Amino acid sequence: MSDGLTIHEYSGDLAIHFRDINAEWITAMFRLEDTDREVLDNPRAKIIDAGGVILFVEAPGLGIVGTCALQKTGPTAYELTKMGVRESARGLKAGEFLLAAVIERAMALGADPLYLLTNAKCAAAIHLYEKLGFQHDADIMARYGARYERCDVAMRYRGESSQ
């Protein structure tokens with residue numbers, strides 16, 4: 001484990017962290033859209049029961065500090081979505097640790113494509129995505145980008161060898 005960081009699978013008692021962590025960063029930078037509310041209020045139905053995954057990262061002394069979901073959007077397509085890390089954990093590499101675990105899970109699920117939708121305002125997150133093998137992708141933007149009003153960046157996982 002990385003400096004005591006641990007990954008946890010989704011469970012009903014962790015659902016509140018999924019909602020709170022994501023609502024915190026989304027409302028700090030944007031506004032909650034209807035599609036956000038649907039997923040944050042119903043993570044089991046919208047993510048887990050639909051074939052997706054939600055992971056959490058815990059930091060020693062801080063508890064659950066981050067979360068990220070893989071939402072199944074097609075037979076093999078997965079969107080990496082709702083990734084957030086609490087400000088209290090910034091600098092601990094919790095986001096990178098969590099993102100690596102989510103990518104590993106996506107590869108185990110045979111995700112093709114594995115993609116994400118974001119906004120250029122999220123520069124630190126975009127840098128992390130690029131570092132771990134995501135590349136900007138116009139096809140992903142055309143296919144999935146209309147899902148969020150705030151989406152102006154679409155990326156597809158190409159693997160770390162593509163760096």
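**View 1. C151 is a buried cysteine in a loop of this predicted model.** At 13% relative accessibility, C151 counts as buried, a label given here to residues under 20% relative accessible area, with exposed meaning over 50% and partly exposed in between (1.4 Å probe, protein chains only). The loop that holds C151 lies between helix 6 (138-144) and strand 7; helices (H or I, at least four residues) and strands (E, at least two) are DSSP runs, numbered from the N terminus. Leaving aside residues up to four places away in sequence, C151 touches L117, T118, M141 and G145, where contact means heavy atoms within 4.5 Å. Y115 sits 36 residues from C151 along the chain, and their C-alpha atoms are separated by 13 Å. A word on reading these views: residues are numbered from 1 along each chain as its sequence is written, and side-chain values use heavy atoms, with hydrogens and water left out. Since the model is predicted, local features need pLDDT of at least 70 and side-chain atom pairs count only at pLDDT 80 or more, while totals for chains, interfaces and linings use all residues.

**View 2. C122 and C151 are in no disulfide.** A disulfide is a covalent bond between the sulfur atoms of two cysteines. Here a disulfide is taken as a pair of cysteine sulfur atoms within 2.5 Å, and by this rule the count comes to zero. For C122, the nearest cysteine sulfur is that of C151, 10 Å away. C122 is buried, with a relative accessible area of 8%.

**View 3. Seven strands build an open, mixed sheet.** The strand order is 1-2-3-4-5-7-6, and two strands count as paired if DSSP finds at least two bridges between them. Strand 1 (6-9) and strand 6 (134-136) stand at the edges with a single partner strand each, so one side of each has no neighbour in the sheet. Ignoring direction, neighbouring strands of this sheet are turned by 30° against each other on average; axes are lines fitted to C-alpha atoms, for helices over the stretch in contact, and angles run from 0 to 180 degrees between N-to-C directions. Strand 5 (residues 114-118) and strand 7 (residues 153-157) run antiparallel and are joined by four bridges, with V153 of strand 7 as the bridge partner of T118. Helix 4 (residues 94-108) lies across strand 1, strand 2, strand 3, strand 4, strand 5, strand 6 and strand 7, running at about 150° to strand 2.

**View 4. Strand 3 pairs with strand 2 and with strand 4.** Eight of the ten residues of strand 3 (residues 63-72) are buried, so the rest of the structure largely encloses this strand. Strand 2 (residues 53-59) pairs with strand 3 in the antiparallel sense over seven bridges, and V57 has G66 as its bridge partner in strand 3. Three residues separate strand 2 and strand 3 in a hairpin, where G61 in the turn has a positive phi of about 80°. Strand 4 (residues 78-85) also runs antiparallel to strand 3, through six bridges, and a hairpin of five residues joins the two.

**View 5. Q71 is a buried residue of strand 3.** Its relative accessible area is 8%, and its bridge partner in strand 4 is E79. The side chain of Q71 reaches the backbone oxygen of K46 at 3.5 Å. Residues touched by Q71, not counting those up to four places away in sequence, are V39, K46, I47, A77, Y78, E79, T81 and R147.

**View 6. Helix 2 and helix 5 each have buried residues on one side.** In helix 2 (residues 34-41), T35, D36, V39 and L40 are buried. They cover an arc of only 125° around the axis, which puts them on the same side of helix 2; the arc is that of the directions from the helix axis to the C-beta atoms. These buried residues pack against helix 1 (15-29), helix 3 (43-48), strand 3 and strand 4. In helix 5 (residues 123-131), the buried residues are I126, L128 and Y129. They fall within an arc of 160° seen down the axis, so they line one face of helix 5. A124 and H127 are exposed on the other side of helix 5. Packing partners of the buried residues of helix 5 are strand 4, helix 4, strand 5, strand 6 and strand 7. After helix 5 comes G133, with a positive phi near 110°.

Conventions
A polar contact is a pair of N or O atoms within 3.5 Å; within protein, one must be able to donate a hydrogen and the other to accept it, and residues adjacent in sequence count only if both atoms are side-chain atoms.
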